[in-house]
Amino acid sequence: MKNHFLILLCCCFMGQHAWAQNFGFNLKSILTFNHINNENLSNIWGYAANGREYAIIGTEDGTTIVDVTNPTAPDELFHIDGNNSIWREPKVWGDYAYVVTEGGGGMLIINLANLPNSAPYTFWTGGTLPNGSNYANSSSHALFNDNNGYLYLTGSNGYQGLVALNLNASPTNPPIVGAFNNIYVHDGFARNDTIWNANINDGVFTVLNATNKNNMVTMATQSTTDNFTHNTALSDNGRYLFTTDESMNGGIDSYDVSDLTDIKRLDHFAAAGTAHNCYFQENFLICSYYQDGVRAFDVTYPQQIIEVAHYDTSPGYAGQGYEGCWGVYPYLPSGNVLASDQQAGMYVLEPTYQHACFLTGNITNANTNASLANANIQISGVASATTSSGFAGNYLTGFPNSGTYTITVSKSGYAAQTFTVTFTNGVTQTLNVALVPSTPFTLTGQVTNAQTGVALSNANVVLNDGTTDYAATANASGNYSITLPGAGIYTVYAGKWGYQTIAINNANINSSINPLNIALTPGYYDDFLFDFGWTVASTANAGLWERGEPIGTVSGGFSANPDFDVTNDLGDKCYVTGNANTTEAALDDIDGGNTILTSPIFDLSTYNDAKINFSWYFRYSGGNTTPDDHTYIRLTNGITTVTLRDIVETTEPEAAWFADSIEVADYITPTANMRLIIDASDTGSGHLVEVAFDRFIVTDLAPDVPSLLVKARVWLEGAYNIGTHQMSNSLKTANVLPIAQPYFNIPWNYTGTEAVANANAIPANIVDWILVELRSATSPTTIVARRAAWLRNDGVVVDIDGTEGVKFYGLSPTGGNYYLAVRHRNHLAVASVTPIALPNAVAYDFSTPTNVYGGVNQLSRLEPNVYALSSGDVNANGVINYTDYNLSIAQQSGSFQYAKGDCNLNGTITVTDFNYFQPNAGKLGITLLRY
């Protein structure tokens, strides 16, 4: 036996191989090979006989056979040298393994019948075609076989389509029984006499009738979502086909193929990373996902692809590259899953995943029994399970973790209804809901400057109920009026150029809250949720700048037009160069000139040290020459114009969002007449040119604007140590505290830019980030200002620089009366019982129940006269229940991490975190602060 390997046993929960994102798989071992050039692996397959299990692995320098019968101690048996190639693809039929490569040398055929003792092999290098001519085979990209003993070579030299071999006639020297060369075939799947080809270059799958192997007939063609069709997998009943697109961030499609004249796409799963090879097994889809490792999905309902397991085999990689997990094999009798990671080696994984929990039903009008389309169905704590009813009122959704959840069903013009449902894995619950029509009403209010109270004319206000926007523009007095279809849960957005856009999530809006007044804090912020008047001028004849939700396109396996805006802002809009609803990248990119996007005027004359922050994206490709295109980002002060960035073909990163920033004084003298200009062009030789721009923010690195100093003291239950009477700063000592505020995403949606330069700049004894809010004394639902700050281990809230108190810039230092609220990412939020006078010389103490809105019920008792924020609100919605527990369990890991499931803030998620959650289960935060 050869021993050219290293093994990591499954019991070792240490080092880099225990990650928070891993769930549904137990690691049994990792095998690396010291005889392989650069240790690069390609695809993997499996074989079982006589009670033993084996892996057949494509390596850069050949093919390796490994005994995996003992999954914690795999044993390399044989290595068969081959031509050097990063592509090597094995498959098994009967007692033979067939291995092809693009490196030449023909097809390797290995006799597996005498394992583990021997593995004799030969090479197949071609044969006679049915027309009598000779075919010399040296290379193929891939291969697959059907259940009847026919093997199909794809992407072969001479035949880029299919070459069909009959293994029944001779497994070691199979005759050629047919060929198909109408279109390039990258990979595929065959059952009986039907072949499901993945035609990657054409972005389609084709269905062939192969009854006559020498005259295969195309029965259907279907384009896939990301237009780079790599892999196909058919369900056991033959009704559903699953495909992967190997493009950057390419995902998984499901199709109803029961009627080839009317193929229907049912669902599309997309996530960061790139899908590669997927295989169907008992209503699961097990996939290799390049830099994201192995993923498993429940496809019991193909119209609802639900991820139920994930194991990251490449923690050193993340994002859009093609490193990481190449192949996966899920069909061993033991149930163990084999995975080949190009850089890390072979993984043996024990699956522990279960089928998902499902919810289905029908939504109707309670008065008329008519079906209601576009009703919104939300499951508390499971944002990915949010869905809406179809034309006939039917809906279906699902999620991986069992437990008791709160279901909210809502629709514009109807009263929302809430239900509590207990879910079990593998069980479909039915919830039919009859919604009662509500009475329309008009919501009114005023938008003002949060610092001065002056009314803001032309401010934008939008309320969204999950499906529909209801918009208004404030008049000269700052007043707005919006007719709503009825009471319900809305998200309220408000913004104006020169002010920071705000979002109030899950607001319970009804006629009794009139007026809903909104205060905006001065500052330049634009995530293009609203149209603040950026202008477009162009000489190009296509691909002009436009504001909207970007529609992704793909070219050559890489994103062309982005499929999403930046993730840490409000809404889903940005500016893109051309945004036609097309799958062809070249149909609406920049052509024949330039397109120029110019901001409204902004005043930097009062800033001490202005910094402009923005995010950009670009992709140049195509044509017969190297792209010579430019995107210039310029800044003018009304007198002089300077170039900040010249984005060319070699600029990094391409086809990805990049957060950029510049200090204005380094380039130009700030004035009251500043504009930012983004000039993108495709001139000279034509190329594919796509550019996008998002999240424009101006900050002052040295503000001397008035600031209101707010002091507070608060304990976090999870971090508190009774012995020391202080909180633990384990997150800082473990070096997992983020250097930028973590409240930019759902449910907080806070757009502040609080950050320190690096981990060494985090002040001493810091426990975690918190979010501090000032709310109107007359309307506590109105947030006047928010700032992220540090919480020190003695309970004192400190600013970014470590000094006591939080500075609210732009608010009068002489202050006023405000409700004060404090939020934490996994503890219940608290608010002051009454408005308090600010600034305050003595810190407001939230450890005293009489100071807290809602009293002792909003806190947890730590020791006599010491109370703290209650730990366990993992989804930060203001309710502690088993949804939070399920989220915490899904993140469980022995390695240090910064995760919401870490209830005791020690950097790991274990049963100890459950001990903090359990006594608080059932606690409700005050309605004022609930998301």
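How many of the nine residues of strand S31 are buried? In this predicted model, the count is eight of the nine, so S31 is largely enclosed by the rest of the structure.

The pairing pattern of S31 is a handy place to start. Strand S31 pairs with S34 (residues 394-399) in the antiparallel sense, and six bridges hold that pairing. Within it, Cys357 of S31 has Phe399 as its bridge partner. Cys357 sits at 0% relative accessibility, so it goes down as buried. Then come the parallel pairings. S31 runs parallel to S37 (residues 428-430), with three bridges between them, and here Leu359 is matched with Gln429. S31 also runs parallel to S38 (residues 433-435), again through three bridges, and in this pairing Ile363 stands opposite Val433.

Moving on along the chain, the loop between S31 (357-365) and S32 (376-379) holds Asn369. This residue is not a glycine, yet its phi is positive, near 65°. Is Asn369 buried or exposed? With a relative accessibility of 62%, Asn369 counts as exposed, because the cut-off for that class is over 50%.

Arg695 offers a second case of positive phi outside glycine, this time at about 50°. The setting is another matter: Arg695 belongs to strand S58, which covers residues 688-700. Its relative accessibility is 13%, and anything under 20% is called buried, so Arg695 falls in the buried class.

Arg695 turns up again in the surroundings of Asp565, a residue placed in the loop between S50 (558-559) and S51 (574-577). Asp565 is buried but has no salt bridge. Which side chain of opposite charge is nearest to Asp565, and how far away is it? That side chain belongs to Arg695, at 8.7 Å; a salt bridge would need the charged atoms within 4 Å, so this pair does not make one. What the Asp565 side chain does reach is the backbone nitrogen of Lys573, at 3.5 Å. Leaving aside residues up to four places away in sequence, Asp565 touches Pro550, Gly571, Asp572, Lys573, Cys574, Trp657 and Asp694. Lys573 therefore appears both in this list of contacts and as the owner of the backbone nitrogen that the Asp565 side chain reaches.

On the cysteine side, the disulfide count comes to one. Cys278 and Cys287 make up the pair, with their sulfur atoms 2.1 Å apart. The torsion about the S-S bond is about 115°, so this disulfide is right-handed. Both ends are tucked away: Cys278 is buried at a relative accessible area of 2%, and Cys287 is buried at 0%. Elsewhere, Cys903 is buried too, with a relative accessible area of 2%.

Finally, some backbone geometry that is worth a look when setting up the model. The peptide bond from Leu115 to Pro116 is cis, with omega near 10°, and Pro116 is in the loop between S8 (107-111) and S9 (121-124). Another cis peptide bond links Leu838 to Pro839, where omega is about 5°. Pro839 also has a loop position, between S69 (836-838) and S70 (844-845).

Conventions. Residues numbered from 1 in each chain as written. Predicted model: local features only at pLDDT ≥ 70, side-chain atom pairs only at ≥ 80, totals over all residues. Heavy atoms only, no water. Helix = DSSP H or I, 4+ residues; strand = E, 2+ residues; numbered from the N terminus. Buried < 20%, exposed > 50% of the residue type's maximum accessible area, 1.4 Å probe, protein only. Lys, Arg positive; Asp, Glu negative; His and termini not counted. Polar contact = N/O pair within 3.5 Å; in protein donor to acceptor, adjacent residues only side chain to side chain. Contact = heavy atoms within 4.5 Å. Pairing = 2+ DSSP bridges. Disulfide = S-S within 2.5 Å.
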